[in-house]
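Trainee: Hello! Could we take a close look at one small part together, and then see what surrounds it?

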2 protein chains.
Amino acid sequence: MPKENFELLVKQTRTHRRFKQDQAITTNQLESLIKLARLSGSARNCQPWQYALVNDPALCDKIFPHLGWAGYLSEWKGPASGERPAAYILCLLNQNWLKGTDKEAHFDLGIASQNMLLGATSQQLSGCRIGAFSPKLADLFTLPDHLKLELVIALGAPAENVVLEEMASPDQVKYWRDENQVHHVPKRPISEIIVNVDLR
Amino acid sequence: MPKENFELLVKQTRTHRRFKQDQAITTNQLESLIKLARLSGSARNCQPWQYALVNDPALCDKIFPHLGWAGYLSEWKGPASGERPAAYILCLLNQNWLKGTDKEAHFDLGIASQNMLLGATSQQLSGCRIGAFSPKLADLFTLPDHLKLELVIALGAPAENVVLEEMASPDQVKYWRDENQVHHVPKRPISEIIVNVDLR
């Protein structure tokens, strides 16, 4: 793949929080994302994550009220009916498979989720990683003790515009929405994230 | 980008530990990877990682002895001279920028490192994430107290073959090398990483 094509895919892979809810996501589509997660690197090669796929609208409706959306948009309580996710991937940490630390497990999940979200973009879908959810979400299900729900990936065909902008100062990290409901995300300048380190 | 092209890129993006050491990696190439890291999602959008770029052969030589390679290949002490990485990206956690937990920081670094390693593959390069290194590595540099070296990404033009195979049983996670020095990596079957969860 030409490098420019991948760079464009990365640029297009933005977190979206409003979706075309009536555009269904098939089980095949979800499985194609799990295939990408499966091919991710894993610390100690232990591959401790399992995934539950949800695209049934009634179950999506049960999941939605337990999710926290966009911490910095304090006035906004999440997507309205019609703009909610069409599917979810529930990311479950299998404690029996984990060989290292929790930190390593979450490092692995960062890798796997990026494969999935880049893959979603390549299918004209998008998503949002949600780590802020009510403990009641896991209570919806009969999960064995060794499986721990740690992340929800919400998915759908995106129905909002997201633009990146250069961060004005190192503490100006909050994303924001303008009057046209365009979502702005400040990114640190490249000159600030590359550091020179001097030899002793 | 067609979905098949991205799936192929993910398949090709394997951890490599032997490289064509004399094939230099330019600073421009390293910066192109940091640009991809910059565009990664980040919990609370705090973007707590900074990166130091190393492609000077003399400095690479200083870094190499502090790295741990391939925990499961206990007989192998790492790549021989001529097969060592041509460059490194040192991943430094900026404690002043971090807003959440260490777990979130490492989740973010999983995302960012995957963007970088997929990007490396798109440039016919490859790499290895190394979390096992001696504390003496950080001591080579005059790092301010708020920067903590947490991961080293070794990079180079790959000089070994890596094949994936289906894991035979859930605890058979060790990668191994055959008599032709081909590196085999067992991956859990898709049928085991997708789980059905029942509603209560």
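Trainee: How many residues of strand 3 (residues 126-130) of chain B are buried?

Mentor: Happy to look with you! This is a predicted model, where local features need pLDDT of at least 70 and side-chain atom pairs count only at pLDDT 80 or more, while totals for chains, interfaces and linings use all residues. Residues are numbered from 1 along each chain as its sequence is written, chains are lettered from A and ligands numbered from 1 in the order in which they are written, and side-chain values use heavy atoms, leaving out hydrogens and water.

Now to your strand. Five of the five residues of strand 3 of chain B are buried, so we can call the strand mostly covered. Buried means under 20% relative accessible area, exposed means over 50%, and partly exposed lies in between (1.4 Å probe, protein chains only). Strands (E, at least two residues) and helices (H or I, at least four) are DSSP runs, numbered from the N terminus. Ser126(B), Cys128(B) and Ile130(B) point one way from the strand, Gly127(B) and Arg129(B) point the other way, and all are buried.

Strand 3 also has a partner: five bridges join it to strand 4 (residues 147-156) of chain B, and the two run antiparallel. Two strands pair if DSSP finds at least two bridges between them. Arg129(B), for example, has Ile153(B) of strand 4 as its bridge partner.

Let us follow chain B past strand 4. Glu160(B) forms a salt bridge (a side-chain nitrogen of Lys or Arg within 4 Å of a carboxyl oxygen of Asp or Glu) with Arg18(B), 2.8 Å from N to O. Arg18(B) lies in the loop between helix 1 (3-12) and helix 2 (27-38), and Glu160(B) in the loop between strand 4 and strand 5 (162-166), so this pair links parts of chain B that are 142 residues apart. Both of these residues are buried. Arg177(B) forms a salt bridge with Glu160(B) too, with the closest N and O atoms 3.6 Å apart. Because Arg177(B) lies in strand 6 (residues 176-177) and Glu160(B) in that loop, the pair ties together parts that are 17 residues apart in sequence. Arg177(B) is buried as well. In chain A, Arg18(A), Glu160(A) and Arg177(A) are linked in a network of salt bridges.

Next, how do the chains meet? In chain A, 76 residues are in contact (heavy atoms within 4.5 Å) with 76 residues of chain B. The two chains bury about 6900 Å² between them, 64% of it on carbon and sulfur atoms. Met1(A), Arg38(A) and Phe107(A) lose the most area to chain B within chain A, together 10% of what that side buries. Buried area is the accessible area (1.4 Å probe) that two parts lose on being put together, summed over both.

The rule finds four salt bridges across this interface. One joins the side chains of Arg38(B) and Glu166(A), at 3.4 Å from N to O. Helix 4 (residues 102-122) of chain A gives the most to the side touching chain B, with 13 residues.

Helix 4 of chain A is also the place of Asn115(A). This residue is buried, with a relative accessible area of 0%. Beyond its neighbours within four places in sequence, Asn115(A) is in contact with residues of both chains, including Leu36(A), Ser40(A), Phe6(B) and Gln114(B).
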